[in-house]
Amino acid sequence: MLRLYRQKVAALEEALADPDDGGQAMEMIRSLTDALVLTPEEGKLRIDLTGALAGILSVAEKDQRPVRRTRS
C-alpha cells in the first residue's frame, strides 16, 4: 500500500510541477479524496479528510491516526 501511495504522490508531484497541467493535478487530488468535511469548532475550522489522500498524509506524518487539521 505504501508503494501505491508513493506512486500516486510522484504522479501528483509531476502534475503539480507542470504549470499547464493544473486540471490533471486537480483531478488526481479529487480521485484521492473520498470526503472533505469542514466543521466550525471553538472559533476555528476543523477539516476532516477521508480517502487515499488522508492515508498518504498519515504515512507522511508517520502516524496511523486519522488526519485532522485545524485552521484559523
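**Exercise 1.** With which residue does D48 form a salt bridge, and how far apart are the closest N and O atoms?

*Solution.* The model examined here is predicted, and the place to begin is the position of D48, which lies in strand β2, spanning residues 44-50. The partner in the salt bridge is R46, with the closest N and O atoms 2.9 Å apart. The pair of side chains also appears as a polar contact of 2.9 Å. The distance can be checked against the cut-off, since a salt bridge requires a side-chain nitrogen of Lys or Arg within 4 Å of a carboxyl oxygen of Asp or Glu.

**Exercise 2.** Are D48 and R46 buried or exposed?

*Solution.* Take the relative accessible area of each residue in turn and compare it with the limit for burial, which is under 20%. D48 has a relative accessible area of 16% and is therefore buried. R46 has a relative accessible area of 16%, so R46 is buried.

**Exercise 3.** Which residues are linked with R46 in a network of salt bridges?

*Solution.* One link, between D48 and R46, is already established. The next step is to look for a further acidic partner, and the side chain of E41 meets that of R46 in a salt bridge of 2.6 Å from N to O. E41, R46 and D48 are accordingly linked in a network. Unlike the buried R46, E41 is partly exposed, its relative accessible area being 34%.

**Exercise 4.** How many salt bridges does the count come to, and where do R30 and E27 lie?

*Solution.* The count comes to three. Among them is the bridge between the side chains of R30 and E27, at 3.6 Å from N to O. Both residues belong to helix α2 (residues 22-31), where they are three residues apart, about one turn of the helix. E27 counts as partly exposed, at 47% relative accessibility.

**Exercise 5.** Which residues make up the largest nonpolar core, and which residues form a nonpolar patch on the surface?

*Solution.* Begin with the core, whose six residues are Y5, L32, L49, L53, A54 and I56. Its largest share, three residues, comes from helix α3, which covers residues 52-60. Turning to the surface, L36, L38 and L45 form a nonpolar patch that has about 270 Å² of accessible area together. L45 lies in strand β2, the strand that holds D48. L45 can join a patch because patch residues need over 30% relative accessible area, and L45, with 32%, is partly exposed.

Note on methods. Residues are numbered from 1 along each chain as its sequence is written. This is a predicted model: local features need pLDDT of at least 70, side-chain atom pairs count only at pLDDT 80 or more; totals for chains, interfaces and linings use all residues. Side-chain values use heavy atoms; hydrogens and water are left out. Helices (H or I, at least four residues) and strands (E, at least two) are DSSP runs, numbered from the N terminus. Buried means under 20% relative accessible area, exposed over 50%, partly exposed in between (1.4 Å probe, protein chains only). A polar contact is a pair of N or O atoms within 3.5 Å; within protein, one must be able to donate a hydrogen and the other to accept it, and residues adjacent in sequence count only if both atoms are side-chain atoms. A nonpolar core is a set of buried Ala, Val, Leu, Ile, Met, Phe, Trp, Tyr and Cys residues joined through side-chain atoms within 4.5 Å. Patches are made of residues with over 30% relative accessible area and no salt bridge: like charges are joined within 9 Å, nonpolar side chains (Val, Leu, Ile, Met, Phe, Trp, Tyr) within 5 Å. Accessible areas come from the Shrake-Rupley method with a 1.4 Å probe; for residues, only the protein chains shown count as cover.
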